[in-house]
Amino acid sequence: MYTISNESLELKLRDQGGEICSIKSKKDGHEYLWNGDPSWWQFCSPTLFPIVGRLKDKRYHYNGKTYELPTHGFTRTSELKKVAESDGFINFSLESSDETLKSYPWRFKLSIGYRLEGNRILVLWAVENRDQSEMLFSIGAHPAFRCPLEENGSFSDCYIEFEKDEDCPILLTTKEGGLYQKVSCGELKGRRLNLDYGMFKDDVLLFDRLRSGTLTLRSDKSSRYVKVIAPDFPCWGIWTPTKGGAPFVCIEPWIGRPDDADADGDLRHKAAIVRLSPTQKYTNGYVIEIG
């Protein structure tokens, strides 16, 4: 376990997934992040790589070969290596290995960094293609925030506030297989989405091409908030476990998304895939703001 802090925040992080597992306010010690209790969900804020979501039949094809990958890829269950640490900053890395090559045929280096700036956490991603061919991948975030925001609150006190007025469908994945489908469970109108456990009975809520680049978790009964800032990300997911009752909600910006329900399995045809030339580096990231 590692700790970094500044005048506003204290973060705890771990080697598994190189993920944050605690975000506390230095002002009053309040915890904002889900603790990873496996009775609900064993992760806290994993990075999703080299895929986001599920593959159709849990497999894909590339260059005449078939590979299998678990939901959201292998990074969140991998042991990353801490490679740098200084005041208010830490960086982890994951490099390809004989084991990763069994399920993903490129040599790569993934770096995940965290930098504190006031009440903000800058999450910094870098992907290096160390192979001789064009590399295909997706990358995304899956932070889980305590909801309700206060001990004496309730899940239904909370809502997601969108940066801009929205007018778009709320999309669902298939009930069996978690695949992308253009089936709506409702419309998002305006800037507010009230939270209710029943909304998630069919799994994640998907948003494709939002106008907003910032989503904020707020409560009608608290001044606290958590803001996720990820401009130009093509897809967002909002999730809590389908059985209802979990004390957290995930706000997930994605570069990529689950396979289409009618996907042909060819990775080259996957929606929102990133293409990276040999020896090149891809950089991106997002920001978490705590208030």
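Reader: What makes the largest cavity count as a cavity, and how much space lies in it?

Author: In this predicted model, about 40 Å³ of space lies in the largest cavity. The name is used because a 1.4 Å probe fits at its points but cannot get out. With a threshold of 30 Å³ or more, the count comes to 1 cavity.

Reader: How do you know where empty space is left?

Author: Rolling a probe the size of a water molecule over the atoms shows it.

Reader: Which residues line the largest cavity, and which strand gives the most to the lining?

Author: The lining consists of L171, Y180, L206, F207, D208, C235, W236, W254 and R257. Strand β16 gives the most, with 3 residues. Both β16 and β19 (235-239) supply at least two residues each.

Reader: Why are D208 and R257 classed as they are, and how does the lining of the largest cavity divide?

Author: Asp and Arg count as charged, so D208 and R257 fall in that class. The whole lining has 7 nonpolar, no polar and 2 charged residues.

Reader: What makes a pocket another thing than a cavity, and what volume has the largest pocket?

Author: A pocket is an open set of points, whereas from a cavity the probe cannot get out. About 350 Å³ of space lies in the largest pocket. Its lining has 17 residues, and R54, T71, H72, D203 and W239 lie nearest its centre. By class, the 17 residues are 6 nonpolar, 7 polar and 4 charged.

Reader: What is the volume of the second largest pocket, and which residues line it?

Author: The volume is about 160 Å³. Lining residues include C21, W34, R146, C147, E150 and P247. This lining divides into 6 nonpolar, 2 polar and 4 charged residues.

Reader: Why is the pair of W125 and Y286 called tilted?

Author: A search of the whole structure finds 22 aromatic pairs. For W125 and Y286 the centres are 5.6 Å apart and the planes make an angle of 55°. Ring centres must lie within 6.5 Å, and planes under 30 degrees apart count as stacked, over 60 as edge-to-face; 55° is in neither range, so this pair is tilted.

Reader: Which parts of the chain does the pair of W125 and Y286 tie together?

Author: W125 lies in strand β10 (residues 120-129) and Y286 in strand β22 (residues 281-290), so the pair links parts that are 161 residues apart in sequence.

Reader: How do you know whether W125 and Y286 are buried or exposed?

Author: Relative accessibility is 2% for W125 and 6% for Y286. Buried means under 20%, so W125 and Y286 are both buried.

Reader: What makes the pair of F155 and F200 edge-to-face?

Author: The planes of F155 and F200 are at 80°, with 6.5 Å centre to centre. An angle over 60 degrees counts as edge-to-face, so 80° earns that name. F155 is in the loop between β13 (144-146) and β14 (158-173), while F200 is in the loop between β15 (180-194) and β16 (205-208), so the pair ties together parts 45 residues apart in sequence. F155 is buried at 4%, and F200 is buried at 0%.

Reader: Which residues form one aromatic cluster?

Author: The members are F49, Y62, F74, Y104, W106, F108, F137 and Y282.

Reader: How do you know that the charge of K243 sits over the ring of W40?

Author: The charged end of K243 is 4.6 Å from the centre of the W40 ring. The distance limit is 6 Å, and the charge must also be within 35 degrees of the ring normal, so K243 sitting over W40 implies that both conditions hold. R218 likewise lies over the face of Y225, 5.0 Å from the ring centre.

Reader: Why is E163 given a label other than that of T173, when E163 is in β14 and T173 is too?

Author: E163 has 38% relative accessibility and T173 has 2%. Buried is under 20% and exposed is over 50%, so E163 is partly exposed and T173 is buried. Across the protein chain, 57% of the 291 residues count as buried.

Reader: How do you know that the radius of gyration agrees with a compact globule?

Author: A compact globule of 291 residues would have a radius near 19 Å, and the protein chain has 18 Å, so the values agree. The C-alpha trace spans about 55 × 45 × 35 Å along its principal axes. The chain has 0 helices and 22 strands.

Key
Residues numbered from 1 in each chain as written. Predicted model: local features only at pLDDT ≥ 70, side-chain atom pairs only at ≥ 80, totals over all residues. Heavy atoms only, no water. Phe/Tyr/Trp six-rings, centres within 6.5 Å; stacked < 30°, edge-to-face > 60°. Helix = DSSP H or I, 4+ residues; strand = E, 2+ residues; numbered from the N terminus. Buried < 20%, exposed > 50% of the residue type's maximum accessible area, 1.4 Å probe, protein only. 1 Å grid on protein atoms, 1.4 Å probe; cavity = no way out; pocket = protein on both sides within 12 Å on 5 of 7 lines; lining within 4 Å. Points joined across faces, edges and corners; volume = space filled by probe spheres on them. Rg over C-alpha atoms; globule rule 2.2 N^0.38 Å.
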